[in-house]
Amino acid sequence: MAKTALITGITGQDGYYLSRLLLERGYRVAGLVPLHRQSSLAKLGSLASQIEVCAVDMRDSAALLAVVEQLQPQEIYNLAAPSFVPDSWQDPLGTLDLVTGTATRLLEAVRLAGLNTRFYQASSSEMFGQVDRSPQDENTPFRPMNPYAAAKLHAHWTMVHHRQRYGWFACSGILYNHESPRRPPNFVTRKVSLAAASIKLGLSDRLEMGNLDAKRDWGYAGDHVEAMWRMLQADEPEDYVIGTGQLHSVRELVATAFECVGLDWTRYVVVDPKFLRSDEHFYLVANPEKAKRQLNWEPQVSFEGLLEKMVLKDLERLQSAEVPSIAQIEQNS
Ligand code: GDR
């Protein structure tokens, strides 16, 4: 019989790639969608018709328990969270409730339903925060620097406590930045790919950026969801750092994306202080050796390959007027 997987945050970037992977592998896929977010189901495109959608209030423990009891999932992937880090300063408590509250309520729903569900918690490299060593691995201490990171860490520990106390198969993937053409344009990779494509097509003539010296470990979302799945198929429940192990600066990101369309980025890019961050980290880079060794996981898409994928997709979308250009986005914001 097909395994059932329940995914929270199914309408996000990772929800899309994970659903696609699980459907390809013969799973029955169900997704939890907050009551007020049902319109975002359109983001799942052709996958939507193959997914069972449960609209629930994520703060309603009884509703979550009812869904879990009804679906009896073999696997839960808890991806739901606000993901744009700077926003967490506007609403620290709301962030905590969405990130930690949802994880705790779901874990408790599994416990109360008495199921043997394997549980994946989406943790973040932001939990490492102000690091004193690079690259980071599963033994690196956590020093979160913003409300988002602190909330993710709380959710991570809640999952660990459930694993230890009840002997569950629960794991956390500590994921570094992972991108795709499905990233919203407030994240730096998509902002840059959309800008390069917009400028190439004559729809814009400049790009305002934050810190060009900031560095990140950028991978492809399609690769990172493969790691999530492998964690839940392993013999033992363990936590894993998932990233490419390569650090690139925002400056390199911009140069590479503009190169894809044959443009010299220095003619178009200006720094606008409104995009600078005070809680910035520069050296968050993964040591993914454990995942390579134990899960046989390796990223398949390179930094250059990822940006090419994103820029080409944005060119295609702009040409068919499927998305607004970067200039239109700026005008409306
Ligand atoms: P991040 O992603 O905060 O690392 O979180 P983001 O793409 O927003 O920033 C990456 C880096 O780029 C620098 N930067 C800019 N960022 C944005 N958004 N806009 C700009 O104009 C700009 N200029 C420079 C930022 O300062 C930063 O250094 C992502 C999210 O997916 C989280 O949910 C996830 O947990 C972490 O990655 C791992």
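In the predicted model, the largest nonpolar core comprises 39 residues, and L22, Y77 and Y120 have the most contacts inside it. Helix α6, spanning residues 221–233, contributes the largest share of this core, with seven residues. A second core, separate from this one, contains 28 residues, including V254, Y268, L315 and L318. In soluble globular proteins, nonpolar side chains tend to be buried together. The surroundings of Y77 illustrate the packing of the larger core: beyond residues up to four places away in sequence, Y77 touches A5, L6, I7, T8, L18, L22, Y120, M228, W229, L232 and Q233.

The ligand is surrounded by 23 residues, of which S124, Y148, R183, R277 and E280 are the closest. By class, this shell consists of eleven nonpolar, seven polar and five charged residues. Several short polar distances link the ligand to the protein. An N or O atom in the side chain of R277 lies 2.6 Å from an oxygen atom of the ligand, and a polar side-chain atom of K191 is placed 2.7 Å from a ligand oxygen atom. At N186 the backbone is involved, with one of its polar atoms 2.8 Å from a nitrogen atom of the ligand. The ligand taken alone exposes 710 Å², and 97% of that area is buried by the protein.

A group of buried residues is found around strand β7 and the loop that follows. E179 belongs to strand β7 and has a relative accessible area of 1%, so it is classed as buried. Its side chain forms a polar contact with the side chain of T189 at 2.5 Å. Apart from neighbours within four places in sequence, the contacts of E179 are Q13, F187, T189, W218, G219, Y220, A221, L306 and M310. Among these partners, Q13 is located in helix α1, residues 13–24. Q13 is likewise buried, because its relative accessible area is 10%, under the 20% limit. With residues up to four places away in sequence left out, Q13 touches H178, E179, S180, R182, R183 and A221; R183 also appears among the residues closest to the ligand.

S180 occupies the loop between β7 and α5, and its relative accessible area of 0% makes it buried. Two polar contacts are formed by the side chain of S180: one with the side chain of Y17 at 3.5 Å, and one with the backbone nitrogen of R182 at 2.9 Å. Beyond its neighbours within four places in sequence, S180 is in contact with Q13, Y17, Y220, A221, L306 and M310. By contrast, H36, at 144 residues from S180 in sequence, lies 25 Å away in space, C-alpha to C-alpha.

P181 is situated in the loop between β7 (178–179) and α5 (188–200). With a relative accessible area of 11%, P181 is buried. Its contacts, leaving aside neighbours within four places in sequence, are Y17, R190, K309, M310, K313 and R317. One of these partners, K309, is 128 residues from P181 along the chain, yet the two C-alpha atoms are separated by 7.1 Å. Y17 and M310 occur in the contact list of P181 and also in that of S180.

L112 provides a contrast to these buried positions. This residue belongs to helix α3, residues 92–113, and is exposed, with a relative accessible area of 54%. The C-alpha atoms of L112 and A255, which are 143 residues apart along the chain, are separated by 52 Å.

Three backbone features were also identified. Most residues other than glycine have a negative phi, and most peptide bonds are trans. The peptide bond from S134 to P135, however, is cis, with omega near -5°, and P135 lies in the loop between β5 (118–124) and α4 (147–166). A positive phi, near 55°, occurs at N296, in the loop between α8 (289–295) and α9 (303–319). A321 also has a positive phi near 55° and is found in the loop between α9 and α10 (326–332). N296 counts as exposed, at 60% relative accessibility, and A321 is exposed as well, with a relative accessible area of 65%.

Technical notes
Residues are numbered from 1 along each chain as its sequence is written. This is a predicted model: local features need pLDDT of at least 70, side-chain atom pairs count only at pLDDT 80 or more; totals for chains, interfaces and linings use all residues. Side-chain values use heavy atoms; hydrogens and water are left out. A nonpolar core is a set of buried Ala, Val, Leu, Ile, Met, Phe, Trp, Tyr and Cys residues joined through side-chain atoms within 4.5 Å. Buried means under 20% relative accessible area, exposed over 50%, partly exposed in between (1.4 Å probe, protein chains only). Helices (H or I, at least four residues) and strands (E, at least two) are DSSP runs, numbered from the N terminus. Contact means heavy atoms within 4.5 Å. A residue is near a molecule or strand if one of its heavy atoms lies within 4 Å of it. A polar contact is a pair of N or O atoms within 3.5 Å; within protein, one must be able to donate a hydrogen and the other to accept it, and residues adjacent in sequence count only if both atoms are side-chain atoms. Accessible areas come from the Shrake-Rupley method with a 1.4 Å probe; for residues, only the protein chains shown count as cover. Ala, Val, Leu, Ile, Met, Phe, Trp, Tyr, Cys and Pro count as nonpolar, Asp, Glu, Lys and Arg as charged, and the others, Gly among them, as polar.
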